[in-house]
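Notebook open, coffee poured. I want to look through this fold from the overall layout down to a single strand.

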Amino acid sequence: MIEIKTSSLTDGEFNRGVFATRDIKKGELLHEAHVIPYPNEEHVLIEETALADYVYEYGKNHSAIVLGYGMLFNHSYTPNATYDINFEKHIFEYYAYTDIKAGDEVLINYNGEVDNQDPLWFLQDKNDTNKDETT
């Protein structure tokens, strides 16, 4: 149903994304990704690693490293997929938010809600750094 391929949306070292291998209907479960939760106070350690940009909030007191394809979905403010957290099973469940055609990249809103237009945290950090450099 989904596979990892080169994405034109990213310019990082690996340029990966998640793509549909067949047509997927709105509401269809795309992927279940197990998580490794950890207490928020340990996040300062994760921030020193490449994993910092790949973790999710996991309830009020935890963050989580999401396994499987969960770490490889790219962001869009007009996503075609969304996710729910299943705390009982410790998984993230990714669903088609719209119909997705075979070959399309599967995109989520990194802000957690499909209609949340807030600036992304990692872009805010870059903008803050750029402001400091120009003043």
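How many helices and strands does the secondary structure of the protein come to? I get two helices and nine strands, taking helices as DSSP runs of H or I with at least four residues and strands as E runs of at least two, numbered from the N terminus. Read along the sequence, the pattern is β-β-β-α-β-β-β-β-β-β-α.

Notes on the source: this is a predicted model, where local features need pLDDT of at least 70, side-chain atom pairs count only at pLDDT 80 or more, and totals for chains, interfaces and linings use all residues. Residues are numbered from 1 along each chain as its sequence is written, and side-chain values use heavy atoms, with hydrogens and water left out.

Next I looked up burial and surface. Of the 135 residues, 36% are buried, meaning under 20% relative accessible area with a 1.4 Å probe, protein chains only. The protein exposes about 8,500 Å² (Shrake-Rupley method, 1.4 Å probe), and carbon and sulfur atoms supply 50% of that.

Contacts (heavy atoms within 4.5 Å) came after that. Among those with a separation of 6 or more, 63% join residues 24 or more positions apart.

Then I went to strand 9, residues 105-108. Which strands pair with strand 9, counting a pair as at least two DSSP bridges? Strand 2 (residues 16-20) does so in the antiparallel sense over two bridges, with F19 opposite E105. Strand 6 (residues 74-75) pairs in the parallel sense, also over two bridges, and N74 stands opposite L107.

In a regular strand the side chains alternate between the two faces of the sheet. I found both faces of strand 9 covered: E105 and L107 are buried on one side, V106 and I108 on the other.

Technical notes
Buried < 20%, exposed > 50% of the residue type's maximum accessible area, 1.4 Å probe, protein only. Pairing = 2+ DSSP bridges.
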